[in-house]
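Please open the structure in your viewer and keep the sequence beside it, because each stop on this tour asks you to select something and then look at what is there.

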Amino acid sequence: DAKQRLKAHANLGGPIVSTAFSGDGKLFAYALGYDWSQGYKGNVATIKNTIMLHAVADDDVKPKPK
């Protein structure tokens, strides 16, 4: 599968651990939380589990001109 960055976001306060588009492609959901890259000792209470929804605009998914 070809991967392409759709849009850059500002610092969200933690790593994105999961993503999905709605069936019709109009919503983008992503989850923020601890990604376990530092083991159980890295899981601190300041990293909150959060689910975010983003309405997808046409400009968000159009390929950029080369």
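**Aromatic rings**

Begin with the side chains of Phe, Tyr and Trp, among which 3 aromatic pairs are counted when ring centres must lie within 6.5 Å. Bear in mind during the whole tour that the model is a predicted one.

Select Phe21 and Phe28, whose ring centres lie 4.9 Å apart with the planes at 45 degrees, so that the pair counts as tilted. Is each of these two residues buried, or is it partly exposed? Phe21 has a relative accessibility of 44% and therefore counts as partly exposed, whereas Phe28, at 18%, counts as buried. Now add Tyr30 to the selection, and you will have one aromatic cluster formed by Phe21, Phe28 and Tyr30.

Next, select Tyr34 and Trp36, whose rings have their centres 4.9 Å apart and their planes at 75 degrees, so this pair is edge-to-face. Tyr34 has a relative accessibility of 10% and so counts as buried.

**The hairpin**

Turn to the backbone and select strand 1, residues 16–21, together with strand 2, residues 27–32; these two strands run antiparallel and are joined by 5 bridges. Within this pairing, Thr19 has Tyr30 as its bridge partner in strand 2, and Ser18 stands opposite Ala31 of strand 2. The two strands form a hairpin with 5 residues between them, and in its turn you can select Gly25, which has a positive phi of about 80 degrees.

**The sheet**

Now add strand 3, residues 50–55, which runs antiparallel to strand 2 and is joined to strand 2 by 6 bridges. Here you can return to Phe28 from the aromatic cluster, since its bridge partner in strand 3 is His54.

With the three elements shown together, what is the order of the strands in the open sheet? The order of the 3 strands is 1-2-3, with antiparallel pairing. Strand 1 and strand 3 stand at the edges and have a single partner strand each, so one side of each is left without a neighbour in the sheet. On average, neighbouring strands of this sheet are turned by 20 degrees against each other, if direction is ignored.

**The loop between strand 2 and strand 3**

Finally, follow the chain from strand 2 towards strand 3 and select Trp36, which lies in the loop between them and is the residue you met earlier in the edge-to-face pair with Tyr34. Trp36 has a positive phi of about 65 degrees, although it is not a glycine. As background to this, most residues other than glycine have a negative phi.

In the loop between strand 2 and strand 3 you can also select Gly42, which has a relative accessibility of 13% and therefore counts as buried. Which residues is Gly42 in contact with, once its neighbours within four places in sequence are left aside? They are Tyr34 and Ile47, and Tyr34 is itself a residue that counts as buried.

Key. Residues numbered from 1 in each chain as written. Predicted model: local features only at pLDDT ≥ 70, side-chain atom pairs only at ≥ 80, totals over all residues. Heavy atoms only, no water. Pairing = 2+ DSSP bridges. Helix = DSSP H or I, 4+ residues; strand = E, 2+ residues; numbered from the N terminus. Axes fitted to C-alpha atoms, helices over the stretch in contact; angles between N-to-C directions. Phe/Tyr/Trp six-rings, centres within 6.5 Å; stacked < 30°, edge-to-face > 60°. Buried < 20%, exposed > 50% of the residue type's maximum accessible area, 1.4 Å probe, protein only. Contact = heavy atoms within 4.5 Å.
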